[in-house]
Amino acid sequence: MESPDTFEIINLDNGSITAKIVVTIGNTLISLRNDQEEKFYFPYTLGTYKSNTKLAGNPFMHPWANRLEGDYIYIQNRKHAFPEELKSLLYRDGNGLPLHGLLLKSNKWVTIEKTNTSHTAAFDFKEADLLAIFPYRHTIQIRHTLTENGIYIETTLFNQDNKPMPVSFGFHPYFLINPARRADYQLTIPAEDVIEVNEVMIPSGKVLPKSERWDFSGDKVLLKGAAFDDGFQRLKRNERDKVVFALNELQVEMDGNYPFSQIYAPENRDKPYVCIEPMTAATNALNTNICRMIKPGEKFAACFSIFV
């Protein structure tokens, strides 16, 4: 039986928008409400969510977003295999591949700043077990700030190692939909290309125009008869260098440091959600030498907003 003080819960409120963050379960944003209307899928008690392998809310995927092709990464073109005794730390997909990084439900986040409308938490990536898998000492800060019509999320990495560090993080927001009305939902995907994947969902190295896979009208597509678990690149940016995805009236606006996005929209009544995932690198980027690198002592920040 969980008690109210089992987890550190942060509530933000600006009068029209409210948000709830569970710091000690991955610093996860689990609720975003506009005039009491919930936007996130989170059907669990906190105790159940902490102990199961399900994902909901807005999990932070780090040090890799989406999948890796195996239990290893490449460092300076040399294969770094994950220690056998630490593979229990890995979250895995249906094919057994490492999925979504190491921090999904970590209790090691620490609040460093809090107001009624903003919250900043930090994670010190220094534990020996974590460094044995991703050998780059660094710190992370995530700041959630309510805006007039949504929430702004800024993530900053500080490279504290003595070697350049690859950046491959992302977020996985689960936006709640009514499955009985799925045909009424419209996605806006402002991207030129969809990334082709193989039979285990790892990029093949090829891309194709999205119109070859779905019935788009411009950048818009109805969910009626359409399902997604796909990565997109060559995102279309507006005059402010932002890219704006949308699910009906809900918008996800990403800055230039999120050049990829994964869309997950299963055609399944038991999965009443659509995910629009900001990603700093493509799936399996740690193994294909295409990550952005930050030098020792440097920092890197990426921002996105959810407008409701």
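What follows is a short chat about a predicted model of one chain.

Colleague: What should I know about the model before reading any values?
Modeller: It is predicted, so to speak by program: local features need pLDDT of at least 70, side-chain atom pairs count only at pLDDT 80 or more, and totals for chains, interfaces and linings use all residues. Residues are numbered from 1 along each chain as its sequence is written, and side-chain values use heavy atoms, with hydrogens and water left out.

Colleague: How many helices and strands are there?
Modeller: Two helices and 25 strands, taken as DSSP runs of at least four residues for helices (H or I) and at least two for strands (E), numbered from the N terminus.

Colleague: What share of the chain is buried?
Modeller: Of 308 residues, 55% are buried, meaning under 20% relative accessible area with a 1.4 Å probe, protein chains only.

Colleague: Which residues touch the most others in the largest nonpolar core?
Modeller: Leu-187, Phe-228 and Ile-276, out of 74 members. A nonpolar core is a set of buried Ala, Val, Leu, Ile, Met, Phe, Trp, Tyr and Cys residues joined through side-chain atoms within 4.5 Å. Strand E25 (residues 299–307) gives this core its largest share, four residues.

Colleague: Which residues are in another core?
Modeller: That one lies apart and has 15 residues, including Phe-7, Val-22, Phe-42 and Tyr-264.

Colleague: Changing topic, how far apart are the centres of the positive and negative side chains?
Modeller: They lie 2 Å apart, with 34 positive and 38 negative side chains. Lys and Arg count as positive, Asp and Glu as negative, without His and the chain ends; each charge is placed at NZ of Lys, CZ of Arg, CG of Asp or CD of Glu.

Colleague: What does the C-alpha trace span?
Modeller: About 50 × 50 × 40 Å along its principal axes.

Note on methods
Buried < 20%, exposed > 50% of the residue type's maximum accessible area, 1.4 Å probe, protein only.
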